[in-house]
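Subject: Handover of the structure, with notes

Dear colleague,

I am passing on the structure that you will be working with, and I have added my notes underneath. Please read them with the coordinates open beside you.

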Amino acid sequence: MIRAPLNLNLSSSMIRNYTKDTRYVKRHDLTIYKKRNTLKIPVENVKEIHQEAFDSRIDSTIAKGKKVVFDPESTRPPMFRKPQILVRKFDGTGDASELVDLPPYLFQCTPRRDILHSVVVWQLARRRQGSHKTKDRYEVAYSKRKIYRQKGTGRARHGSRGAPQFRGGGRAFAKRPKSYDYPLPLRVRRLGLRMALTRSYLLGQLVIVDDIRSKFEEIPKTRVMWRCLQGIEASKPAVRPLVVDSTFDSNVEKSLFRMKFVQYTTIDGLN
């Protein structure tokens with residue numbers, strides 16, 4: 001609260017931010033100004049005020065170049081549309097059969113490089129076997145006796161022949177088996193999976209087929225699997241496709257076994 005005499009020249013911005021309050025006027029030569037509450041909800045013309053704020057926000061967004069415009073020729077769909085994908089036939093032709101909707105929770109999030117990096121580093125750390133081991137001075141195949149007497153030789157004093165400074169001796173700080181696993185929050189792991197799926201969908205690397213087991217019910221065939229992968233453009237080693245099935249099927253796994261660049265897993269192993 002500011003008390004100012006009548007002859008005080010206040011700036012226009014100061015007058016705009018303060019309102020005249022006559023309830024506390026006790027003398028004629030003093031005027032009390034009370035600061036406005038800018039966070040107060042307006043009670044008059046609420047719809048017009050919101051519409052003006054929305055229009056100004058849209059104008060600033062368009063001026064900054066942040067407006068998303070859909071390009072039909074682009075394979076990357078805009079983020080505000082519901083994710084959809086064509087289901088392709090797994091018969092060697094790769095023709096589209098139907099259009100299905102994808103869950104936005106998994107295929108419509110904003111990928112972040114730091115979270116994807118954290119999840120990948122965590123997975124590689126857990127994959128390490130950690131069975132490395134080297135011998136220290138007490139484990140090498142040398143006697144523990146003193147190699148020569150302490151004094152009178154003119155040489156440096158030494159103990160056993162397996163000391164680290166000798167050739168063939170043990171390591172000073174020998175490696176021991178250990179686990180490189182460390183905990184990563186479950187929220188980060190789930191978010192990394194969602195971002196990986198969204199990235200594959202936005203880059204056009206996600207392919208959904210109608211049926212993958214019908215051709216391999218009786219006997220596994222690598223040649224048939226190769227032709228089916230050619231139909232969906234996933235038969236090249238540079239693509240390195242990942243085949244994800246709802247449940248495990250031994251015939252499908254045997255059909256993909258000779259193609260070393262293809263990985264086969266189930267939904268439970270997707271990470």
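What follows is an account of what was found, from the whole chain down to single residues.

Please keep in mind throughout that this is a predicted model. The protein has 271 residues, of which 22% are buried, and its secondary structure comes to seven helices and eight strands. It exposes about 21,300 Å², and carbon and sulfur atoms supply 52% of that area. Among the contacts with a separation of 6 or more, 57% are between residues that lie 24 or more positions apart.

On the cysteines, a search of the whole structure finds zero disulfides. Two cysteines can be described by their accessibility: Cys 109 counts as buried because its relative accessibility is 8%, under the 20% cut-off, and Cys 228 is likewise buried because its relative accessible area is 2%.

The next item is an open sheet, in which three strands are arranged in the order 5-4-6 with mixed pairing. Its edge strands are strand 5 (96-101) and strand 6 (208-209), each of which pairs on one side only. Strand 4, which covers residues 84-88, pairs with strand 6 in the parallel sense over two bridges, whereas strand 4 and strand 5 pair in the antiparallel sense over five bridges. If you want residues by which to find these pairings on screen, Val 87 stands opposite Ile 208 in strand 6, and Arg 88 stands opposite Ala 96 in strand 5.

A second pairing joins strand 7 (residues 242-245) to strand 8 (residues 263-266), and here the two strands run parallel and are linked by four bridges. Within this pairing, Val 244 stands opposite Thr 265 in strand 8. The side chains of strand 7 alternate along its length, so that Val 243 and Asp 245 point to one face and are buried, while Leu 242 and Val 244 point to the other face and are not buried. Thr 266 also lies in strand 8, and Thr 266 counts as buried because its relative accessibility is 17%, which is under the 20% cut-off. Apart from its neighbours within four places in sequence, Thr 266 is in contact with Val 244, Asp 245, Ser 246, Thr 247 and Phe 248.

For the helices, I would look at one pair in particular. Two packed helices are described by the angle between their axes and the distance between the axes. The axes of helix 6 (residues 222-231) and helix 7 (residues 250-257) come within 8 Å and cross at roughly 80°. This angle falls in the range from 65 to 115 degrees, and the two helices are therefore roughly perpendicular to each other. On the side of helix 6 the residues that meet the partner are Thr 222, Met 225 and Leu 229, and on the side of helix 7 they are Val 252, Lys 254, Ser 255 and Leu 256.

Two backbone positions deserve a careful check. Most residues other than glycine have a negative phi. Glu 233, however, has a phi near 60°, a positive value in a residue other than glycine, and Arg 240 also has a positive value, with phi near 50°. Where do Glu 233 and Arg 240 lie? Glu 233 is found in the loop between helix 6 and strand 7, and Arg 240 is found in the loop between helix 6 and strand 7 as well. Glu 233 is exposed because its relative accessible area is 65%, over the 50% cut-off, and Arg 240 counts as exposed because its relative accessibility is 53%.

The last item concerns Gln 165, which lies in the loop between helix 4 (113-127) and helix 5 (186-202). Gln 165 is exposed, with a relative accessible area of 53%. From C-alpha to C-alpha, Gln 165 and Arg 137 are 10.0 Å apart in space, and in sequence they are 28 residues apart.

With best regards

Notes. Residues numbered from 1 in each chain as written. Predicted model: local features only at pLDDT ≥ 70, side-chain atom pairs only at ≥ 80, totals over all residues. Heavy atoms only, no water. Disulfide = S-S within 2.5 Å. Buried < 20%, exposed > 50% of the residue type's maximum accessible area, 1.4 Å probe, protein only. Contact = heavy atoms within 4.5 Å. Areas by Shrake-Rupley, 256 points an atom, 1.4 Å probe, with all protein chains shown as cover. Pairing = 2+ DSSP bridges. Axes fitted to C-alpha atoms, helices over the stretch in contact; angles between N-to-C directions. Parallel < 35°, antiparallel > 145°, perpendicular 65-115°, else oblique.
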